[in-house]
Amino acid sequence: LNAIPLLVWMAESGNRDVRRRAIVLLGSMTDPDAMRKLRILQSREPDSAISDQISQVLLASGAAANSVR
């Protein structure tokens, strides 16, 4: 079962808490696709605190945080 599509969908929720939790779960994955999805989500995230959280998750995972902001 690939949870990435569901977590990406949750990370695009209108609910800030749902987005935050989905980002943490995506960041806990070792799948390179999850990291790519996080970079895309970061470029679209309107909330700067959540965008910063994505940066931290990417840094913690060892992935380069290529922010589009």
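**View 1. Glu45, a buried residue in a loop.** Glu45 is tucked away in this predicted model: its relative accessible area is just 5%, so Glu45 counts as buried, the cut-off being under 20%. You'll find Glu45 in the loop between α3 (32-44) and α4 (48-61). Its side chain also reaches the backbone nitrogen of Asp47, at 3.0 Å.

**View 2. Arg19 and Glu45 paired in a salt bridge.** Here Arg19 joins up with Glu45, and the closest N and O atoms are 3.1 Å apart. This pair links distant parts of the chain, since Arg19 belongs to helix α2 while Glu45 sits in the loop between α3 and α4, 26 residues apart. Arg19 is buried too, at 10% relative accessibility.

**View 3. Arg44 and Glu12 meeting in a salt bridge.** The side chains of Arg44 and Glu12 come together at 3.2 Å, N to O. Arg44 is in helix α3 and Glu12 is in the loop between α1 (4-11) and α2 (16-27), so the pair ties together parts that are 32 residues apart in sequence. Arg44 is exposed, with 56% relative accessibility, and Glu12 is partly exposed at 44%.

**View 4. Asp33 and Arg36, a salt bridge within helix α3.** This time both partners lie in helix α3, three residues apart, or about one turn of the helix. Their side chains meet at 3.7 Å, N to O. Asp33 is partly exposed at 22% relative accessibility, and so is Arg36, at 45%. Across the whole structure, a search turns up four salt bridges, including this one.

Key: Residues numbered from 1 in each chain as written. Predicted model: local features only at pLDDT ≥ 70, side-chain atom pairs only at ≥ 80, totals over all residues. Heavy atoms only, no water. Helix = DSSP H or I, 4+ residues; strand = E, 2+ residues; numbered from the N terminus. Polar contact = N/O pair within 3.5 Å; in protein donor to acceptor, adjacent residues only side chain to side chain. Buried < 20%, exposed > 50% of the residue type's maximum accessible area, 1.4 Å probe, protein only.
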